[in-house]
Amino acid sequence: MSRKPIRSVIALLLAVLLLAGLSVGAMAAESGEGDGEPGETAGEPTAPPEPTSAPEPTPEPTPEPTPEPTPTPTPEPTVPPANEPPAIASDLPGTLAIPVGGSFTLAVAATGDNLQYQWYKDGNQLVGHTETTLQVTGAALSHAGRYFCYIQNSAGAVESSGCVVKILTQPVITRNISPTSLTLNVGDTITLTAAASGENMAVHWFYKKGDTELREIAGQTGTTLSIPAAEEHDGADFYCQFVNEAGGAITSFCRVTVNKGASVPPKTTKDPYGEVVNERGNAIFIARADGASSYTWRFISGGGTAYDYNTVGSMFPGLNISGGDTEQLTLSYIPYELDGWKVACLFKNAAGETLSGAATIQVQRAGSAVSITAQPKGATLGLDEEADFVLSVEAIAADGGVLAYQWYSAPTNSAAAMRSIPGATGSTWTPERSEGTVYYRVGVTATGGGVTTEPIYSVTVPVTFTAKKEHVHTYSTVWEHNDISHWHQCVCGDHADEERHTWEWTVILAPTDTEDGQQKGVCTVCGYETVQPIPAGSMPAATAAPSPTASRGNRTGLFLLLGALALIIIAGAVFLILRVLRSPEEDGEDEFEYDEMGSGDPEQEADEPTRTFERDDR
């Protein structure tokens with residue numbers, strides 16, 4: 001067999017093997033650079049393509065401008081001449097006092113064209129009142145307030161000044177003159193005091209002696225009269241008058257006696273009477289004397305020691321004393337410690353002094369003594385704040401007395417305005433929630449031994465509710481969490497930045513084929529920790545299947561290894577084929593041709609058969 005066919009077959013085989021090796025290498029390269037083998041996790045990120053420069057935009061030809069049609073001229077509207085803006089020519093007074101039932105008129109004048117008027121009261125529009133004047137007849141308390149007029153036209157607007165209208169009621173006497181009689185020496189001071197309720201009141205002091213003409217005391221315009229006693233005042237009746245636009249009111253009279261020159265000390269005309277009172281009760285003592293120019297009440301202890309009234313007031317802080325320098329002494333909230341004490345009035349004039357008879361104070365101990373140990377506390381809150389807010393008081397009763405409570409409220413800080421709240425009879429009270437301020441206090445009594453004490457009142461406290469406030473979220477910087485997610489939390493409970501935990505797992509105990517293991521997970525965001533079991537015979541979470549990127553890298557390496565092996569096989573095959581193709585002289589062929597005759601005659605050699613020998617390498 002000739003060498004050419006053999007070499008052709010070998011070359012063909014070599015080409016096939018070379019193509020096969022190149023194909024395997026190409027497949028390996030594609031596997032390493034592709035988007036992933038089947039079964040990889042979808043969505044694996046790929047390298048972004050290299051940015052390419054955008055082609056230069058072809059400039060668009062500039063269109064020829066289209067001539068705009070000539071607009072049809074619109075006739076301009078006829079504009080009326082500009083108005084003169086309003087200006088106040090005659091304004092309102094600052095204040096106005098009107099008696100109940102009276103009438104008043106408010107008028108304003110302004111300059112300007114086409115003026116429009118609108119009256120307001122306390123910022124609210126008075127519907128239908130659009131004239132230059134505002135008239136009110138039959139004035140009631142509801143008509144009190146601040147009035148103004150708003151004036152405008154097309155050129156502007158102006159507001160008049162405000163007029164505060166007060167609706168006055170007739171004065172009411174709240175304190176008559178005391179005492180009802182007074183004896184002084186010439187030159188002593190006549191001191192009288194009175195009081196009344198009302199607004200815009202003028203105060204006038206008068207005195208009248210018998211049928212003489214009524215005289216007003218010049219310069220005395222306050223609620224206290226203080227003038228030196230003169231002979232002309234002897235036997236005169238003094239009184240005070242309070243007047244405003246709604247009317248007037250006068251006090252009771254005080255008869256003043258003026259001694260032209262006292263020659264004898266005062267003479268007692270009335271001694272005080274003794275009183276029997278309950279503990280923390282009240283008592284009144286009255287004493288009179290002719291010729292007395294001053295009065296001083298004294299307290300005499302059981303041991304006979306005398307104290308002036310102002311000294312006793314500091315000895316018994318709970319005791320209330322009034323009228324200690326008048327003919328009428330009033331005691332309130334009398335303590336049990338005054339039981340057996342006496343009171344007497346010391347009368348004085350220029351000639352000397354006289355002490356009235358003594359009156360004994362008998363104080364019966366109450367069944368229980370009440371003490372308030374914790375006062376209620378007011379507050380200023382929004383209507384939507386502290387829904388559980390309550391007023392509370394704490395008190396104790398001696399001798400096992402039973403405590404009772406009654407809450408009071410008022411729109412102002414005034415004891416006289418306090419009204420009891422029905423059903424508010426506990427140690428706590430929940431104020432009604434409405435915008436504004438209300439004042440509260442509580443009275444506490446104790447019942448023991450069949451006797452109920454007078455109430456002790458707490459301090460008065462204001463409670464103010466304001467409009468609801470819009471809540472602004474304030475989130476904590478500390479992570480809150482549960483088993484599933486973490487978040488930042490507002491004080492109101494709202495969540496922000498809420499996300500599921502992202503775990504980083506660490507194997508604590510590897511599982512076996514028969515026993516469970518353990519793994520610890522830590523959230524990479526909030527640090528929350530959890531411990532989870534690893535089922536027996538399973539892969540721990542910390543050594544779970546590699547990520548898609550890692551798997552792809554492993555498969556790429558595998559294909560590269562296969563490509564390398566293919567190239568090695570091809571190289572071996574090439575080596576063997578080249579060995580076969582070498583000449584007999586170089587490598588000793590297993591098969592060769594031998595010319596036994598060796599004649600050198602071509603024609604003879606063509607007729608002779610060619611012998612083939614196999615070489616025995618042995």
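These legends go with several close-up views of a predicted model.

**View A. Three strands make an open sheet in the order 46-47-48.**
The pairing here is antiparallel. Strand 46 (503-509) and strand 48 (529-534) sit at the edges with a single partner strand each, so one side of each has no neighbour in the sheet. On average, neighbouring strands are turned by 30° against each other, ignoring direction. Zoom in on strand 47 (residues 517-523) and you can follow six bridges across to strand 48, running in the antiparallel sense. One spot to look for is Q518, whose bridge partner in strand 48 is P533.

**View B. Another open sheet of three strands, this one ordered 43-44-45.**
Antiparallel pairing shows up here as well. Strand 43 (480-481) and strand 45 (495-500) are the edge strands, and each of them pairs on one side only. Strand 43 is held to strand 44 (residues 485-489) by two bridges, with the two strands running antiparallel. Which residue of strand 44 is the bridge partner of H481? That would be H486, so to speak a histidine facing a histidine.

**View C. Strand 7 (residues 133-136) shows its two faces.**
In a regular strand, side chains alternate between the two faces of the sheet. Strand 7 plays along: L134 and V136 point to one face and are buried, while T133 and Q135 point to the other face and are not buried. Next door is strand 3 (residues 104-107), which runs antiparallel to strand 7 and is joined to it by four bridges. Look for F104, which stands opposite V136 of strand 7.

**View D. L561, L562, L565 and I568 make a nonpolar patch on the surface.**
The patch covers about 380 Å². One of its members, I568, is found in helix 3 (residues 548-581). Is I568 buried or exposed? With a relative accessible area of 57%, I568 is exposed, since the cut-off for that label is over 50%.

**View E. Two cysteines, C240 and C254, in a structure with zero disulfides.**
A disulfide is a covalent bond between the sulfur atoms of two cysteines. How many does the structure hold? The count is zero. As for the cysteines in this view, C240 counts as buried at 0% relative accessibility, and C254 is likewise buried at 0%.

**View F. A look at salt bridges, of which the model has seven.**
Start with D122 and K121, a salt bridge whose closest N and O atoms are 3.2 Å apart. D122 is partly exposed, with a relative accessible area of 44%, whereas K121 is buried at 17%. That value puts K121 in the buried class because the cut-off is under 20%. Then there is R280 with E279, where the closest N and O atoms are 3.1 Å apart. Both R280 and E279 are buried.

**View G. R298 and D308 form a salt bridge between two strands.**
The closest N and O atoms of this pair are 3.3 Å apart. R298 lies in strand 25 (residues 294-300) and D308 in strand 26 (residues 306-308), so the pair ties together parts that are ten residues apart in sequence. How open are the two ends? R298 is partly exposed, at 28% relative accessibility, and D308 is partly exposed too, at 31%.

Conventions. Residues are numbered from 1 along each chain as its sequence is written. This is a predicted model: local features need pLDDT of at least 70, side-chain atom pairs count only at pLDDT 80 or more; totals for chains, interfaces and linings use all residues. Side-chain values use heavy atoms; hydrogens and water are left out. Two strands pair if DSSP finds at least two bridges between them. Axes are lines fitted to C-alpha atoms, for helices over the stretch in contact, and angles run from 0 to 180 degrees between N-to-C directions. Buried means under 20% relative accessible area, exposed over 50%, partly exposed in between (1.4 Å probe, protein chains only). Patches are made of residues with over 30% relative accessible area and no salt bridge: like charges are joined within 9 Å, nonpolar side chains (Val, Leu, Ile, Met, Phe, Trp, Tyr) within 5 Å. Accessible areas come from the Shrake-Rupley method with a 1.4 Å probe; for residues, only the protein chains shown count as cover. A salt bridge is a side-chain nitrogen of Lys or Arg within 4 Å of a carboxyl oxygen of Asp or Glu. A disulfide is a pair of cysteine sulfur atoms within 2.5 Å.
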